Amino acid sequence: MSGDSTVHADHPLIHWTEDGALHTARWRSESGMAPPKRVVIADDRTNADQAYRLACEGTALLWRGDFQNARQLLQALARRADQKNDKPKRARKTDPASAASAAPAPLAAFHLHRQAQSQRARTLAMLLLPFEADYTIPLRRAPDVQLACNQAYGRGEEPFVASLRELLGLIGAHEWRRTGVELAQLEQRIHPHYGVFAPIRSEYVALVDQAPLPPRASLAFDIGTGTGVLAAVLARRGIEHIVATDMDPRALSCARENLARLNLSDKVDVIFADLFPAGRAPLIVCNPPWLPARPSSPIEHAVYDPDSAMLRGFLAGLAAHLEPGGEGWLILSDLAEHLGLRTRAELLEWITQGGLKVIARSDVKPSHPRASDATDALHAARAAEVTSLWRLASA
């Protein structure tokens with residue numbers, strides 16, 4: 001029982017043979033993964049070693065057994081995918097000095113890390129589930145995922161097939177959206193939507209909350225607002241009117257919902273714009289993606305900014321949108337510098353080329369767990385990372 005997949009002009013289709021008949025369904029992948037080229041049917045009798053071998057070869061397994069058994073199989077596949085990294089991790093833990101001497105340069109380590117992550121994601125995405133048009137899963141002991149799928153996909157239209165790993169991501173995002181992220185600066189929670197960067201690293205929010213506001217700053221622009229968290233902080237600090245921009249429909253919806261929940265909709269206009277809105281403001285804030293690398297999926301755009309395009313666009317256009325005496329606040333980690341992806345000299349040159357000058361900078365050390373995890377492949381860079389708020393003005 002197997003099949004092949006083809007891609008049609010409008011949407012991908014996945015094909016397989018089951019009980020002697022050819023079946024077709026829509027293929028859905030928020031990560032942008034192409035439909036697998038070969039599909040076989042799997043169920044509760046499928047052996048984990050056999051499943052892992054097929055997944056590594058690029059053969060997908062369309063599940064027909066118990067849903068909870070599919071979750072257990074995915075966990076078994078994950079353990080096998082992680083085994084090849086166990087030896088270097090143990091070496092770094094038991095003999096840090098030896099591991100440091102044999103470790104690749106930061107840039108090479110970063111690319112190897114992303115390559116391993118990508119391969120792991122492709123392998124684990126080979127365990128597939130069937131979905132009805134209303135997002136019910138026709139399997140034993142399948143959970144009710146209709147709300148989580150509606151929030152990520154929109155209203156269902158036709159049956160489809162998607163990976164179990166993606167579904168678990170949707171369920172996790174639904175829980176994040178339901179419970180929210182508590183922020184001391186707001187004394188309330190921000191509720192991220194699926195595909196919108198969650199403000200779990202609150203040190204950058206604290207920088208915006210503590211930086212001195214420019215004189216007579218009654219208007220501010222928040223460029224790339226995401227969840228709307230920085231716009232909310234500025235509004236709570238007394239800025240009378242904020243224009244928050246983004247190009248992602250999910251981010252725009254997320255920001256509007258959060259600001260409404262915080263009773264700040266009358267102070268913040270959330271609009272679709274490529275970077276800057278029309279006009280000038282005495283304060284313009286931007287927290288662009290921190291790493292100049294190519295995202296491997298659409299939902300990684302909040303983390304990866306190819307060629308530092310958003311960062312450079314912000315710095316190139318900032319002076320033209322600042323009122324006289326105004327400030328631009330750039331929130332940026334130097335992790336890219338420690339990884340060899342960007343130099344401090346390049347950043348300073350872009351600031352100068354934009355007709356800008358640095359009037360002050362506030363720094364904070366991140367407190368996330370990976371910064372202290374010596375087994376992390378990027379530990380040295382993460383341990384040295386500093387997050388900064390650059391206060392910029394027209395030169």
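## A walk from helix 11 into the sheet

Start by selecting residues 309-321, which form helix 11. At 1.5 Å a residue, its 13 residues should span 18 Å, and the end C-alpha atoms are indeed 18 Å apart, so expectation and model agree. Keep in mind as you go that this is a predicted model.

Now centre on L315, where helix 11 bends by about 25°. Which residues of helix 11 are buried? Show L311, F314, L315, G317, L318 and H321 as sticks: these are the ones. As a reminder, an α-helix has 3.6 residues a turn, so residues three or four places apart point the same way.

Next, bring up what covers those buried residues of helix 11: the surroundings include strand 10 (219-223), strand 13 (281-286), strand 14, helix 13 (344-353), strand 15 (356-364) and strand 16 (387-394). Helix 11 lies across strands 10, 13, 14, 15 and 16, and runs at about 165° to strand 14.

Colour the sheet itself now. It is open, with seven strands in the order 12-11-10-13-14-16-15 and mixed pairing. Strand 12 (268-272) and strand 15 have a single partner strand each and stand at the edges, so one side of each has no neighbour in the sheet. From one strand to the next, the twist averages 20° on average across the sheet.

Zoom in on strands 10 and 13, a parallel pair joined by four bridges. Pick D222 there, and you will find V285 of strand 13 opposite. Then select residues 229-236: this is helix 9, which packs on the sheet and touches strands 10, 11 (241-246), 12, 13 and 14. The direction of helix 9 makes about 175° with that of strand 11.

Move along to strand 14 (residues 322-333) and click on E327. Is E327 buried or exposed? At 6% relative accessibility, E327 counts as buried, because the cut-off for that is under 20%. Leaving aside neighbours within four places in sequence, E327 contacts P212, P214, P282, L283, I284, L322, I359, R391 and L392.

For the last stop, select residues 164-179, helix 7. Its 16 residues should span 22 Å at 1.5 Å a residue, and the end C-alpha atoms lie 23 Å apart, which agrees. Buried here are L164, E166, L167, L170, A173, H174 and R177. Their cover includes helix 2 (67-83), strand 6 (127-131), helix 6 (146-153), strand 7 (160-163) and helix 10 (249-261). Step just past the end of helix 7 to finish at G180, which takes a positive phi of about 80°.

How values were computed
Residues are numbered from 1 along each chain as its sequence is written. This is a predicted model: local features need pLDDT of at least 70, side-chain atom pairs count only at pLDDT 80 or more; totals for chains, interfaces and linings use all residues. Side-chain values use heavy atoms; hydrogens and water are left out. Helices (H or I, at least four residues) and strands (E, at least two) are DSSP runs, numbered from the N terminus. The expected span of a helix is 1.5 Å times one less than its number of residues. Buried means under 20% relative accessible area, exposed over 50%, partly exposed in between (1.4 Å probe, protein chains only). Contact means heavy atoms within 4.5 Å. The bend at a residue is the angle between axes fitted to the seven residues ending there and the seven starting there. Two strands pair if DSSP finds at least two bridges between them. Axes are lines fitted to C-alpha atoms, for helices over the stretch in contact, and angles run from 0 to 180 degrees between N-to-C directions.
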